Amino acid sequence: MELLTGCLEPQSLLILALLRVTLGARSQSMDKISSFQVDHLRLKPGLYVSRKDKFADVTLTTFDLRFKEPNREPVMDQPALHTIEHLGATFLRSHKEWSPKVVYFGPMGCRTGFYLIVEGNYNSMDVIPLLVEMFDWVEKFTGDIPGAAPAECGNWRDQNIDMAKWECQRYAAYLRNPKKEHLEYPSSMV
Ligand SMILES: [Zn+2]
């Protein structure tokens, strides 16, 4: 860019300078992202819409599958979290109706839940049947965990199918009998 500035009009140089100042300021003071603005001290286990992102005419809905009360109960153990990730992703990406809309399924770093991102504008109730079906499938699952092989996973031995089933059934109970307090962030929290 420095090489190019020699042939630009003074007005263009001014615009470039302003652009550099603006971009510099943005990189120094980043906004707090929306998921950090949820009051985790009041958050209960449940299924929440974390965000909706619009890209031209496409909307992506991100669901917060919150398995644990943040900071108030033990988090999931890492191997169970990993097994739920493998099984959940396999189920969702094989589902007849939903697989074309599934963008991502994966664990939160804090180990209190998962994110599911789907193409489309949805609310929590829309995906409850899908998730209940998924957790029932996990409960009945037998055999080798998909992707748990050294060529297919970065830590393939790190699995716990029994705890994965236990965590999924415990969480699914919130979905089988959905109550508003487990489906919507309180309005003051976001
Ligand atoms: Zn893995």
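Colleague: How many helices and strands does the protein chain have, and in what order do the elements run?

Modeller: In this predicted model, the protein chain has 4 helices and 4 strands. Read from the N terminus, the order is α-β-β-α-β-β-α-α.

Colleague: What share of the residues counts as buried?

Modeller: The protein chain has 190 residues, and 23% of them count as buried. To be counted, a residue needs 20 or more other C-beta atoms within 10 Å of its own.

Colleague: Why are α2 and α3 called oblique to each other?

Modeller: The axes of helix α2, residues 78–94, and helix α3, residues 124–140, cross at roughly 125°. Roughly perpendicular covers 65 to 115 degrees, and roughly antiparallel starts over 145. The angle of roughly 125° fits neither class, and α2 and α3 are therefore oblique. Their axes come within 10 Å, and the crossing is right-handed.

Colleague: Which residues make that contact of α2 and α3?

Modeller: On α2 they are Leu87, Gly88, Phe91 and Leu92, and on α3 they are Met134, Trp137 and Val138. These divide into 6 nonpolar, 1 polar and no charged. Gly counts as polar, so Gly88 of α2 is the polar one.

Colleague: What makes α3 and α4 roughly antiparallel?

Modeller: Helix α4, residues 161–176, packs against α3 at an angle of about 150°. The cut-off for roughly antiparallel is over 145 degrees, and α3 and α4 are therefore placed in that class. Their axes are 9 Å apart, and the crossing is left-handed.

Colleague: Which residues of α3 and α4 meet?

Modeller: From α3 come Ile128, Leu131, Val132, Phe135, Val138 and Glu139. From α4 come Ala164, Lys165, Cys168, Gln169, Tyr171, Ala172, Leu175 and Arg176. The contact divides into 10 nonpolar, 1 polar and 3 charged residues. Asp, Glu, Lys and Arg count as charged, so the charged residues here are Glu139, Lys165 and Arg176.

Colleague: How do you know whether Gly120 is buried, exposed or partly exposed?

Modeller: Gly120 has 14 C-beta neighbours inside 10 Å. Buried needs 20 or more, and exposed needs 12 or fewer. The count of 14 lies in between, so Gly120 counts as partly exposed.

Colleague: Where is Gly120, and which residues does Gly120 touch?

Modeller: Gly120 sits in the loop between β4, residues 113–119, and α3. Leaving out residues up to four places away in sequence, Gly120 touches Thr59, Thr61 and Lys101. The C-alpha atoms of Gly120 and Asp53 are separated by 9.6 Å, although these two residues are 67 residues apart along the chain.

Key:
Residues numbered from 1 in each chain as written. Predicted model: local features only at pLDDT ≥ 70, side-chain atom pairs only at ≥ 80, totals over all residues. Helix = DSSP H or I, 4+ residues; strand = E, 2+ residues; numbered from the N terminus. Axes fitted to C-alpha atoms, helices over the stretch in contact; angles between N-to-C directions. Parallel < 35°, antiparallel > 145°, perpendicular 65-115°, else oblique. Left-handed = near helix turned anticlockwise from the far one by under 90°. Contact = placed C-beta atoms within 7 Å.
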